[in-house]
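User: Please take a close look at the nonpolar core of this model. I would like one connected account of how that part is built.

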Amino acid sequence: GGDNARAMVIYQRMVEVAPGMGRGWWDLARLQLSAGRIEDARVSLSAMLEITRDADSRAHISAALEALQGR
């Protein structure tokens, strides 16, 4: 409902309970980026990269991490 801070708390709990859920990490990273929490987003994307085996998804995650290099 537009409460990004609350959504971040919920997604953080989701990935703690189910760390193998890649989509949760992606959504958490997206929310973190929108809040300007770049380092937190890097951590979330890196965690997602650790659990993802699909080559296309890994390439997408790696590209997102590279885009954050200068930020």
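Analyst: The largest nonpolar core, meaning a set of buried Ala, Val, Leu, Ile, Met, Phe, Trp, Tyr and Cys residues joined through side-chain atoms within 4.5 Å, has 15 residues, and those with the most contacts inside it are Trp25, Leu28, Leu45, Ile61, Leu65 and Leu68. Two or more residues each come from α1, α2 (22-34), α3 (38-51) and α4 (55-67), where helices are DSSP runs of H or I with at least four residues, numbered from the N terminus. With 5 residues, α3 gives the most to this core.

This is a predicted model, in which local features need pLDDT of at least 70 and side-chain atom pairs count only at pLDDT 80 or more, while totals for chains, interfaces and linings use all residues. Residues are numbered from 1 along each chain as its sequence is written, and side-chain values use heavy atoms, with hydrogens and water left out.

Leaving aside neighbours within four places in sequence, leucine 45 is in contact (heavy atoms within 4.5 Å) with Trp26, Ala29, Ile61, Ala64, Leu65 and Leu68. Leucine 68 itself is found in the segment after α4, and it counts as buried because its relative accessibility is 3%, buried being under 20% relative accessible area with a 1.4 Å probe and protein chains only. With the same neighbours within four places set aside, leucine 68 is in contact with Leu33, Ile38, Ala41, Arg42 and Leu45. Leucine 68 and isoleucine 38 are 30 residues apart in sequence, yet their C-alpha atoms are 7.4 Å apart in space.

Definitions and conventions. Buried means under 20% relative accessible area, exposed over 50%, partly exposed in between (1.4 Å probe, protein chains only).
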